[in-house]
Amino acid sequence: MIKEMTCVVCPNGCLLQVEYEKQGDQVAIQRITGNLCKRGLEYARQEMVSPRRTIASSILVEGGSMPLVSVRTSGPIPKAMIFPVMAEIRKCSVKAPVQAGTVLIPNVLDLGVDIIATRTVE
Amino acid sequence: MGMGQDNLNKVNQVMEASVVIVGGGPAGLAAAVRLYDRGVTDLLILERENKLGGILKQCIHDGFGLTRFGESLSGPEYADRFIQEVKQRNIRFITDTTVIQITPDHDVYAAHRDGLLHVRARAVILAMGCRERTRGALAIPGTRPAGVLTAGVAQAYMNLQNRMPGKKIVILGSGDIGLIMARRLTLEGAHVLGVFEINPIPSGLPRNIQQCLNDYGIPLFLSHTVTDIRGTDRLQEVVVSKVDEKLQPLAGTEKVYACDTLILSVGLIPENELTIGAGAELCPQTGGAYVDEWYQTTVPGLFAAGNVLHVHDLVDFVSLEAETMAEGVVRYLNGALPNASIALRCGKNIGHTVPQKISGTENVVVTLRVRAPQKDAEIVIRQGKAMVARKRVRNALPANMIEIHLLKDQLTGGQDLEVSVND
Ligand SMILES: Cc1cc2nc3c(=O)[nH]c(=O)nc-3n(C[C@H](O)[C@H](O)[C@H](O)COP(=O)(O)OP(=O)(O)OC[C@H]3O[C@@H](n4cnc5c(N)ncnc54)[C@H](O)[C@@H]3O)c2cc1C
Ligand code: SF4
């Protein structure tokens, strides 16, 4: 079987063709083509097993020069966990000042990924 | 905005600088750092807003910096790296200051809280970015209720002011900012009914179609447009129609979508009032200035880079372009730049090129966009009958900016060049 997918790792957005066989619950990948670099291979493999994404949002700041501090996940999380993680982000609020790079929610939902500030709010 | 003699008399502060940079976004910042490092330290950045960083301040999603820094940063993080570089070098900048006029001999006039500022410079860099096309530019019929806004404005509301634009959303246009907002709104709990694009192909990048729409099951309707907007105070519904090959709405295909918000993501236009005012010629294809390989406009000593020159989808390339331009500015300050008299013409399936003319004395990276999608495209530059550069692109899309290297040794003389896509 062949599955087409767009690699989202970088803006080239290569259109990948993944040739695979279904063996019970498992997929056995035979060939991946269309990738311009090897990160595309890793992406396609991950996508066939369990798609992951990084997400960006913002968290309320009390007493800051701006009402929000932008945040992102420190790495990709399983797609199915996107909305549960968003719910955690929405529950959170922090006090100014916040330094860019600060971990605001460590190991969110035990996923091994942190929610980090991407901006400094004084 | 022009400036009358009356205003000129009110000038209450006169300054001097080797180079004035208009706009403190990624293009202006990268240019400043590079100029400083090349020994041009007498710089002044003028920025309209209260902070440096430009449009990136509101782009909180990640995907910036992959080319430049090898990591995926959010917009504010990317901008901050350059802001820190500017601050470390003590490069002068003034915020809350809007440049209102630039003269052909490098006099820059700007309005700020305390009055008018007049800067005499030896060279001026245009780095004003772009603005979004609005409803007025599209002429959609219907009422004028609240709830119709551009994607960039929606982005600023959500990411800077913590205001949700609405709950039931229709997006017109498949530009990248609209796609990014479709995802952002969905993550924040709004219901995005669909993205409607008048053209038969999406205008945003394939990766944004995937990660912003497909990932969340948001439908994309190609060859569709909004033909009516209804609502008295607040938007209540929009009418969407299919269009034919000439992009004309087809009668009988109307569908009504109840929604409280219509977001427009229908294109960006370089912001060039100042450029025109300074006497520089604009290129009809890019909407930005007509430039040579040093990004010098048709006015000597007036340079442009970033979205003010042509709309970029990737800030990494904005930074690179601004740095290349800075090298040109340095050469200009050290004596005139060679005359650029070889024009680049757009041939088959080429939408535009930057630069539009070159001197032939340098190796040049030509940036271009194709007009229509083409698989296995071979992009060629010809000078008369000779092929002087070529590049294969597996999947050439109008959404992707393409670079092609043109080596000076390949040139066969001073004849004009034609850029085209081979079948
Ligand atoms: C909404 C949006 C979303 C984007 N998303 C992405 C993305 O996901 N990934 C990516 O890599 N790229 C993205 N881009 C592209 C990238 O961010 C831009 O290419 C980049 O910011 C352009 O930099 P710039 O310096 O040319 O313009 P800008 O960032 O727009 O900066 C221009 C600056 O000039 C100032 N200015 C304008 N006029 C005047 C004046 N008269 N006087 C003084 N100052 C003035 C403005 O206030 C602004 O600060 C996006 C662009 C937009 C518009
Ligand atoms: S395969 Fe490599 S070059 Fe292509 S989109 Fe993925 S990361 Fe980018």
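Between domain 1 of chain B and domain 2 of chain B, the count comes to 3 residue pairs in polar contact, with both partners at pLDDT 80 or more. Keep in mind that this is a predicted model. Salt bridges are another story: the rule finds 0 of them across that interface. Below is a quick tour of how the two domains meet, followed by a look at one charged residue, B:Glu47.

**How chain B is divided**
- The domain assignment splits chain B into domain 1 (5-131 + 269-337), domain 2 (134-266) and domain 3 (344-422).
- If you go from the C-alpha centre of domain 1 of chain B to that of domain 2 of chain B, you cover 32 Å.

**Where domains 1 and 2 meet**
- On the domain 1 side of chain B, 8 residues are in contact with 11 residues of domain 2 of chain B.
- Together, these two domains of chain B bury about 730 Å² between them, and 56% of that is on carbon and sulfur atoms.
- Three residues stand out here: B:Gln58, B:Ile60 and B:His61 supply 64% of the area that domain 1 of chain B buries against domain 2 of chain B, more than any other three residues.

**A closer look at B:Glu47**
- You'll find B:Glu47 in the loop that runs between strand 2 (43-46) and strand 3 (62-64) of chain B.
- B:Glu47 is buried but has no salt bridge.
- The nearest side chain of opposite charge belongs to B:Lys57, 5.3 Å away, while a salt bridge needs the atoms to be within 4 Å.
- Setting aside neighbours within four places in sequence, B:Glu47 has contacts that include B:Gly23, B:Gly24 and B:Gly25, along with B:Leu52.
- Also among the contacts of B:Glu47 are B:Ile94, B:Thr95, B:Asp96 and B:Thr97.

Conventions:
Residues numbered from 1 in each chain as written. Chains lettered and ligands numbered in written order. Predicted model: local features only at pLDDT ≥ 70, side-chain atom pairs only at ≥ 80, totals over all residues. Heavy atoms only, no water. Helix = DSSP H or I, 4+ residues; strand = E, 2+ residues; numbered from the N terminus. Buried < 20%, exposed > 50% of the residue type's maximum accessible area, 1.4 Å probe, protein only. Lys, Arg positive; Asp, Glu negative; His and termini not counted. Contact = heavy atoms within 4.5 Å. Domains from an automatic or database assignment. Buried area = accessible area lost by both parts, 1.4 Å probe. Polar contact = N/O pair within 3.5 Å; in protein donor to acceptor, adjacent residues only side chain to side chain.
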